[in-house]
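User: I would like to learn how to read a few features of a model. Please take me through them one at a time.

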Amino acid sequence: MKKKLCGIVMAIAMTAGIIGCGSNNTASVESSGDESSKVTSQTGSEASTSSEDTDTTSSDDGQGSEEIAITDMIGREVTVVPGSYKKVVCIGAGALRMYTYVGDVALLCGVEDIDNESLEERPQMFDGVARPYMLAFGDEFEALPSCGVGGPNAQAAEAEKILSCEPDIVISEYEDVDKENALSEQLGVPVVTLKSGPMGVFDESFAGSMELLGQIFDREDRAQELVTYIEDEKKAISEKTADIPEEDKPSVYICGLGNWGTTNHLMTAQNYVTFNIAGVKNVVTDLENNGIQEIEEEKLVALGEDIDIMFIDAAAVKNIKPLYAEDNTMFDSIKAWNDGEVYLEMAYNAYYTNYETALINTWYIASVVYPDAFEDFDVVAKTNEVTQMFLGTELADEIFAKPASFGGYQKIDTATFFE
């Protein structure tokens, strides 16, 4: 009789489990993500978790790990079992990139089409731009199934495709609390949301995202190593420029910063974090907002005589070149252009921020603006050092070889560069 009762109870439990797993709605869960602009909800709510998440599972080091409640980067409480996850999917602009800095790429069970260059039908707008995580792990990504299209036009997580990859956790950059909760409920697995914040690689939110990944995947030492390295780099740059008198600082203009993929010589920022870290005097100071934005042509002309040094982000060259072909006098009002003090930095945004590139750019800009303080600086060596720390491999040659890198960091010949 006891055996029969046990059998009946087990059958009921299995039936309930099957019903629960079969109730997923395959419609897409909408959200708002892109490569350079995110909308973050400030409210938090408890995330749904499946019954599988309540199991105690062995972590990579063989020790038992119990479920814990964590708070993700948009304030959601999510139940996870640290070190237990074997099948990972990353969705939304920048999520996969962030994961590769801390997580084990071998655990990935699917990638967005934008990150699989073996596909013919996929978003290709960033293929010519150096995305270091793609250079480091592109071959591994090509062997994985699709978890969605991805790209700046993908405003919704594709639940059906994610389910087909059978992940046991999802790392996301869709920063909408309600939609992330709904996605977790649909998938029946934890969905953990990351973000970087307005200061990018130097932001506390970026450090928090790295530490969160370290906690989830039992790689806390690795996460702390990276966070500490970034802090040390920030300090090293700032200390070299801290004592330079304000009157000795040249005025600098940065342009070509990415904003939803649209960028040109008028796209700039007045509170540019790289300038702030490096102690650079920004010629743009009186805009209403601090974020990346386009100024009027008349504004640039008015500033022209005060611009001692000009930087162009490499991603903008493709858009500036046809404009220059129509009017090769467009920069004639800019002192730096006439003096030959124009420099190229590597692409800062390509499907959201290239965080390692942003750090290298900060070193490079500081070295150009203050050559005496950085007389021993070698941009190739620094690029290799930073990519080794972030991604485990030296990538200077690969980054500089991409078509949109134009050979790498350089002072450009203003007489011929856009010809």
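User: Why is the sulfur of Cys165 in no bond with the closest cysteine sulfur?

Analyst: A disulfide is a pair of cysteine sulfur atoms within 2.5 Å. Here the closest cysteine sulfur to that of Cys165 is in Cys109, 5.4 Å away, so it is too far for a bond. This is a predicted model: local features need pLDDT of at least 70, side-chain atom pairs count only at pLDDT 80 or more, and totals for chains, interfaces and linings use all residues. Residues are numbered from 1 along each chain as its sequence is written, and side-chain values use heavy atoms, without hydrogens and water.

User: How many disulfides does the structure hold?

Analyst: The structure holds 0 disulfides. Cys147 is in none; its nearest cysteine sulfur, in Cys165, is 5.4 Å away.

User: Is Cys165 buried or exposed?

Analyst: Buried means under 20% relative accessible area, exposed over 50%, partly exposed in between (1.4 Å probe, protein chains only). Cys165 is buried at 4%. Cys147 is buried too, at 2%. Of the 419 residues of the chain, 55% are buried.

User: What is the strand order of the open sheet?

Analyst: Strands are DSSP runs of E, at least two residues; helices are H or I, at least four; both are numbered from the N terminus. Two strands pair if DSSP finds at least two bridges between them. The order is β13-β11-β15-β16-β17, with mixed pairing. β13 and β17 stand at the edges with a single partner strand each, so one side of each lacks a neighbour in the sheet. β11 and β15 pair in the parallel sense over 4 bridges.
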